[in-house]
Amino acid sequence: MSEDYRSMWAELGMDLAGHDALLGVLGKAYQDIYLFQKERPEGMAYFDFVMSEVHGLRIKELLDEKAAGRKIIGSYCVFVPEEIVLAANATLIGLCSGADFATEEVEKLLPRNTCALIKSAFGFKIGKVCPYLESADMIVGENTCDGKKKAYESLGDLVDNLYVMDLPQVKSINGRQLLKAEYLRFKTAVEDLTGVAITADSLRQAIRTVNAKRAAIHRLCALRKASPTPISGLDALLTNQVSFYDNPARFTASVNTICDELEQGIADNIGVFPAGTPRILIAGCPQAVPNWKLPMIVESAGAVIVGEESCVGERGTRNLTVESGQTIDEMLEAIVERYFQVDCAIFTPNQERLIHIEEMVAAYKADGVIHYGLQFCQPYLMESIPVEKALEEMNIPCLRIETDYSMEDMGQLKTRVEAFVEQITS
Ligand code: SF4
Ligand code: SF4
């Protein structure tokens, strides 16, 4: 990293020694996990570049945008509508993190039995090692699971720009009204922050931009249905992860470029894994950078991941917003309609998620499902039991994994995943 970046990080008030340590972990994980793959599409070079500059050039771009008057908004959940942020001429960045940091300090503020995702978010703030967090003009928390909603009460003491969005937990008429009311409140808050009044034109353009991004990801997902599979699960996950940081238009173009290449590969019957490789669907908690432990284990065990039922995956990206609205209210209705379909495990009942998993198994021709649950994540761990039961009734093998961000259970996970892959192969 250049000296320019070090002074940039220092100006953001970051802890440079801690940040060096984090970059070391990130770089090593990337080297070991991504660059070990032998067959990768050429188009992945763009995503490798983004990852290599994730705390460098991308932050500089954001700071240049800020200098020109644009605001940066950080979020921890796919319920925060990027359409509203873009329409007010601001940029939305995903803040979820996938590595342990400053655990001892975090456990002075949060119980030990809090999920790794929440602890990691706190660790990155306490350690001052995340340039996205440090450059955000507004940080949006949301009342989803109990862990998050209580944790934001403490996070509010660590940051002075926290905005908390209330979210429904039931897919009822009242729930939908709450989501609409909260999106209207958020629209006002974003307009106040930016000083930009959202217009029908700016909202229409923002909907198109976000739809184009999701449509590109849908195109990539559709190509993963082919056999042999043209892209590894690790690489597909990386593209999804990059969508939370990157400039939306550039991201869309890069995903479409890689799709062109993969379409040609499929036409030439070229895959990254041989035909007949066991196909796995991952379902469950989101996998934020650099939490690549499980996909690496699966794909080193001789299987290929063909889909992610996850917020860093199809739960977060499926469904486009209808573009036919003419007024701001019609467009907001369409946005509410789209987001209200997100089947996060915080909802009760949540039959839609089960149906979605079954649909994905069929669509991606998965031979088995691995349910990925973060330790202490009650919503997803509880749902993993009915998911397993429903899949068993369909004769689809399911492996329920409960893990965290540490590497201590690598050996045990490897043994279980290898046995599972053997089971679905025989
Ligand atoms: S799993 Fe639920 S709380 Fe987490 S990002 Fe997804 S929608 Fe938000
Ligand atoms: S992983 Fe589970 S417990 Fe953790 S923030 Fe997400 S929903 Fe909440």
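1. How do the residues of the shell around ligand 1 divide into nonpolar, polar and charged? The split is eight nonpolar, one polar and two charged, where Ala, Val, Leu, Ile, Met, Phe, Trp, Tyr, Cys and Pro count as nonpolar, Asp, Glu, Lys and Arg as charged, and the others, Gly among them, as polar. The shell includes Cys77, Thr144, Lys148, Cys311, Arg315 and Cys344; a residue is taken as near a molecule if one of its heavy atoms lies within 4 Å of it.

2. Before going on: this is a predicted model, with local features needing pLDDT of at least 70 and side-chain atom pairs pLDDT 80 or more, while totals for chains, interfaces and linings use all residues. Residues are numbered from 1 along each chain as written, chains are lettered from A and ligands numbered from 1 in written order, and side-chain values use heavy atoms, leaving out hydrogens and water.

3. Around ligand 2 sit Cys115, Ile118, Cys145, Lys148, Cys285, Leu374 and Cys377. That makes six nonpolar, no polar and one charged.

4. Now for strand E5, residues 279–284 (strands are DSSP runs of at least two residues, helices H or I runs of at least four, numbered from the N terminus). Six of its six residues are buried, so E5 is largely enclosed by the rest of the structure; buried means under 20% relative accessible area (1.4 Å probe, protein chains only). Arg279, Leu281 and Ala283 cover one face, and Ile280, Ile282 and Gly284 the other.

5. E5 pairs in parallel with E6 (residues 304–309) over five bridges, pairing requiring at least two DSSP bridges. Ile282 has Glu308 as its bridge partner there. E5 also runs parallel to E7 (residues 368–374), again joined by five bridges, with Leu281 opposite Val369.

Methods: Buried < 20%, exposed > 50% of the residue type's maximum accessible area, 1.4 Å probe, protein only.
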